[in-house]
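I opened the model to look up its main sheet, one annotated position and the nonpolar interior. My entries follow in the order in which I looked.

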Amino acid sequence: MLPCCAVRTCHVLVLVLCLSAAEDFDWTKNDRGSFYYGTFPAGFSWGAGSSAYQTEGAWDQDGKGLSIWDVFSHRKGKILQNDTGDSSCQGYYKIKEDISLMKELKLDHYRFSISWPRIMPTGIKVRQQKNKHTLSIAPTDHVNEKGIKYYDELIDNLLENKITPIATLYHWDLPQVLQEKYGGWQNISMVNYFNEFANLCFERFGNRVKYWITLNNPWSVAVEGYETGEHAPGLKLRGTGAYRAAHHMIKAHAKVWHTYDTKWRGQQKGLVGISLSGDWGEPVDISNQKDIEAAERYVQFYIGWFATPIFHGDYPQVMKDFIGRKSAQQGLGTSRLPTFSSQEKSYVKGTCDFLGIGHFTTRYITQKNYQSGHGSSSYFTDRDLAELVDPRWPDPGSEWLYSVPWGFRRLLNFAQYRNPMIYVTENGVSEKITCTELCDDWRIQYYKDYTNEMLKAIKDGVNVRGYTAWSLLDKFEWDEGYSERFGLYYVDFRNKNKPRYPKASVQYYKRIISSNGFPNQREVENWKRKATETCSSSNQLLAADPLTSHMEMVTEVVVPTVCTLCILLSAVFLMFLLRRHN
């Protein structure tokens, strides 16, 4: 393997301690078992996903307004290598091309998000200002029909190709105007503004879209947007910001659900859910009650934070207890965790037709006490726990993403809030790699193992109805820019046309879909061999192709690609070794 293409490092076989600065369930039973050969229920839906800011590009085209991610990514030092999503995959211009990729995969559904500022540039449909003589309307406070037309075309093309659209209303791209004027999700006014946006989407697209997701991973919005500041809008409101943002998002979700239920469901016959992401937390010692309690606390502070109010009407008791106690120790008169009134509890409870679950990785959890003091509390210290990872777990890409398939089954079994209908809305693995690599054997292994654990969970009795591979394309990865790739299809971001190339995992995932599972050992083993055979020749073509694409640009200099440099450097290195040997 070329030195510059190395993606894995050797690890000492010990547990690494990662201190947590960053319904009935049997915790003692963890039957990891062997690989299970079998098929998914008839009608199981297979898909892939994306989001608007990560893939569309066209950040300032056709009347689109600014989002908080447009502004955040343009600030120097916020994103790795100062990348932005300005052009990203140019998905705004490639509807038919990308749908042809979905057809190649034989997808049943495609999950995408609707950019709020693309169809409502300021986030406000109409703002009326009274003066002495008349009512004036700001010229930018309107519905952007060009944005509507884009999503009309996307939805219509999906349906023409027998692919079910699953639309996410909020995948993190809040209109910048709402952040600047009101403080974004820190302000209760977002509930009504979001409901207005959602109602417009139901009105314009609801005759064709039957699966709606209100919010994608609100945990990340709250914690990384308003607690740590790693994500847009970049606020660091330790100990309060995340809880306030989450509180308003839960209310916003509930209001949108009620709007659909009372105004649109009768005629459109659709479903409204939410997508909650959560890592699994496994006790370090399943015979130690404190470890078990810490692990449950980890999951409750993650997925339970949102799922428990939506299914049961209030926050998990453990969150109320821990945050309340630590708030009192700080000398605060009330808890930093907001409260729901009795009326709000009734209003929020039961506002979910299906539960979307996004999942990527697992942690071992143990008890760790954090002292409370003035200004020292945060979401992370409120939990009183420590996270551990086993370096033997594969970690080809993101520093946080270890492949631990059995944790997926555990999480699905844990998330039995009134036995919901579950759709897996995000699951996949990234890679950090300098050179072009289409033979993504680690991704094949990840999809094989994780989907098999999902099959085991269904066998356990979990009501999983569909699976969404994350993601269809390589794309902008938030604060990591383009340094990490989750896609089934490789995107050449150096080329102005952003061409797509299938990785080996495309062929493997396609076979899982065609077989609706894992029919037998011999056939499944052949899938990987056939998939990797096709990627080797494609790799060679791709290594040369970017040179041609750069010639299309108006420039007098053709810059060698990174992979070309890898080959040249390796040749020089080999010549050096040969001379030294002689």
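**Barrel, annotated site, core**

I began with the sheet and found a closed barrel of 8 strands in the order β3-β4-β7-β8-β9-β11-β14-β15, with parallel pairing; strands here are DSSP runs of E of at least two residues and helices are runs of H or I of at least four, numbered from the N terminus, and two strands pair if DSSP finds at least two bridges between them. Neighbouring strands of this sheet are turned by 25° against each other on average, direction ignored, where axes are lines fitted to C-alpha atoms, for helices over the stretch in contact, and angles run from 0 to 180 degrees between N-to-C directions.

I noted that this is a predicted model, in which local features need pLDDT of at least 70 and side-chain atom pairs count only at pLDDT 80 or more, while totals for chains, interfaces and linings use all residues. Residues are numbered from 1 along each chain as its sequence is written, and side-chain values use heavy atoms, with hydrogens and water left out.

I then checked the pairing of β3 (residues 45-49) with β15 (residues 464-469), which is parallel over 4 bridges, and saw that Ala48 stands opposite Ala469 in β15.

Next I looked up Glu426, which an unreviewed UniProt entry annotates as "active site"; such positions are given in the numbering used here, feature names are shortened, and annotations may be inferred rather than shown by experiment. Glu426 is found in strand β14 (residues 422-427). Buried or exposed? Glu426 counts as buried because its relative accessible area is 6%, the classes being buried under 20%, exposed over 50% and partly exposed in between (1.4 Å probe, protein chains only). Leaving aside neighbours within four places in sequence, I listed its contacts (heavy atoms within 4.5 Å), among them Arg111, His171, Asn216, His359 and Trp470.

For the interior I took the largest nonpolar core, with 162 residues, in which Trp185, Trp212 and Trp305 touch the most other members; such a core is a set of buried Ala, Val, Leu, Ile, Met, Phe, Trp, Tyr and Cys residues joined through side-chain atoms within 4.5 Å. Helix α10 (residues 289-312) gives the most to this core, with 13 residues.

Lastly I followed Trp185, found in the loop between α6 (176-182) and α7 (190-205), and recorded it as buried because its relative accessibility is 0%. The C-alpha atoms of Trp185 and Val221 are separated by 8.9 Å, although the two are 36 residues apart along the chain.
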